[in-house]
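Please open the model in your viewer and set the display so that both the backbone trace and the side chains can be switched on as needed. The tour below moves from one selection to the next.

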Amino acid sequence: MVTGSIVYADGASLAVVSLEDQFLSFSVVGDDIDKSEVKGISNGAEVDIFYTGTINGRDTSQVKVTKLAQTKQQAAVRTDVHLTGGTILESDGTILKVATYDGAELSFDVSDTEIDREGADGLVIGEKVAVFFEGEIVDNSTENVRVVKLVQ
């Protein structure tokens with residue numbers, strides 16, 4: 001089982017940041033997946049993913065999801081921290097440009113040395129990234145946002 005915070009869900013796939021700070025994406029297509037304990041899936045919500053097969057690093061291609069459930073024991077969650085994610089378009093050490101799963105392109109200031117980068121092994125163009133932030137994105141503007149954590 002993997003427990004994680006949802007970065008993206010579209011009915012066919014589910015991307016999460018696990019409690020171990022791994023960015024994982026799962027196929028959730030199939031009538032045989034038990035979703036009876038899921039009341040709704042939204043970004044930032046915590047979910048337990050039950051599966052058969054083996055996760056190799058971040059590779060979930062050999063995994064078959066068998067059940068999705070709302071996390072019964074919520075981790076300590078800061079309500080002032082939000083989560084988005086997508087594919088890295090540009091990264092120069094100070095600005096991170098991401099194509100989000102809903103089609104937006106967002107640029108984040110990542111020059112702050114206080115950003116938790118433990119789960120980010122270098123920001124490589126084309127790789128997936130989860131961005132935890134404080135503040136609010138308005139009309140795709142990240143001007144009032146402070147990045148607090150990056151996970152790849």
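Select K149 together with the residues it touches: apart from neighbours within four places in sequence, K149 is in contact with D21, I115, D116, A130, V131 and F132. Bear in mind throughout that this is a predicted model. K149 itself sits in strand β12, which covers residues 145-151, and if you show the side chains of K149 and D21 you will find a polar contact of 2.9 Å between them.

Keep D21 selected and extend the view to the strands on either side of it. D21 lies in the turn of the hairpin formed by β2 and β3, where four residues separate the two strands, and D21 has a positive phi of about 60°. Strand β2 (residues 13-18) and β3 run antiparallel and are joined by five bridges. To follow the register, pick S13, whose bridge partner in β3 is S27, and then L14, which is partnered in β3 by F26.

Now widen the selection to the sheet that holds this hairpin. Which strand order should you expect to trace across it? The open sheet has six strands, which follow one another as β3-β2-β1-β5-β6-β4, with mixed pairing. At its edges are β3 (23-27) and β4 (34-37), each of which pairs on one side only. Neighbouring strands of this sheet are turned against each other by 35° on average, if direction is ignored.

From the edge strand β4, step along to V38, which is found in the loop between β4 and β5 (46-53). Where does the chain come back to V38 from further along the sequence? With neighbours within four places left aside, V38 is in contact with L68, A69 and Q70. A distance label between the C-alpha atoms of V38 and Q70 should read 5.4 Å, although these two residues are 32 apart along the chain.

Next, select β7 and the strands that pair with it. On one pairing, β7 and strand β11 (residues 128-135) run antiparallel and are joined by seven bridges; within this pair, T84 stands opposite V131 of β11. V131 is also among the residues in contact with K149, where the tour began. On another pairing, β7 and strand β8 (residues 95-100) are antiparallel over five bridges, and here T87 has A99 of β8 as its bridge partner. The hairpin of β7 and β8 has three residues between its strands, and G93 takes a positive phi near 95° there.

Finish with a surface view of the second largest pocket, which has a volume of about 180 Å³. To display its lining, select V7, Y8, N43, T84, G85, T100, Y101, D102, A104, L106, I137 and N140. Both β1 (2-9) and β7 (81-91) supply at least two residues of this lining. Coloured by class, the lining should show six nonpolar, five polar and one charged residues. T84, seen earlier opposite V131, is thus met again as one of the residues lining this pocket.

Methods
Residues numbered from 1 in each chain as written. Predicted model: local features only at pLDDT ≥ 70, side-chain atom pairs only at ≥ 80, totals over all residues. Heavy atoms only, no water. Polar contact = N/O pair within 3.5 Å; in protein donor to acceptor, adjacent residues only side chain to side chain. Contact = heavy atoms within 4.5 Å. 1 Å grid on protein atoms, 1.4 Å probe; cavity = no way out; pocket = protein on both sides within 12 Å on 5 of 7 lines; lining within 4 Å. Points joined across faces, edges and corners; volume = space filled by probe spheres on them. Nonpolar A, V, L, I, M, F, W, Y, C, P; charged D, E, K, R; others polar. Pairing = 2+ DSSP bridges. Axes fitted to C-alpha atoms, helices over the stretch in contact; angles between N-to-C directions.
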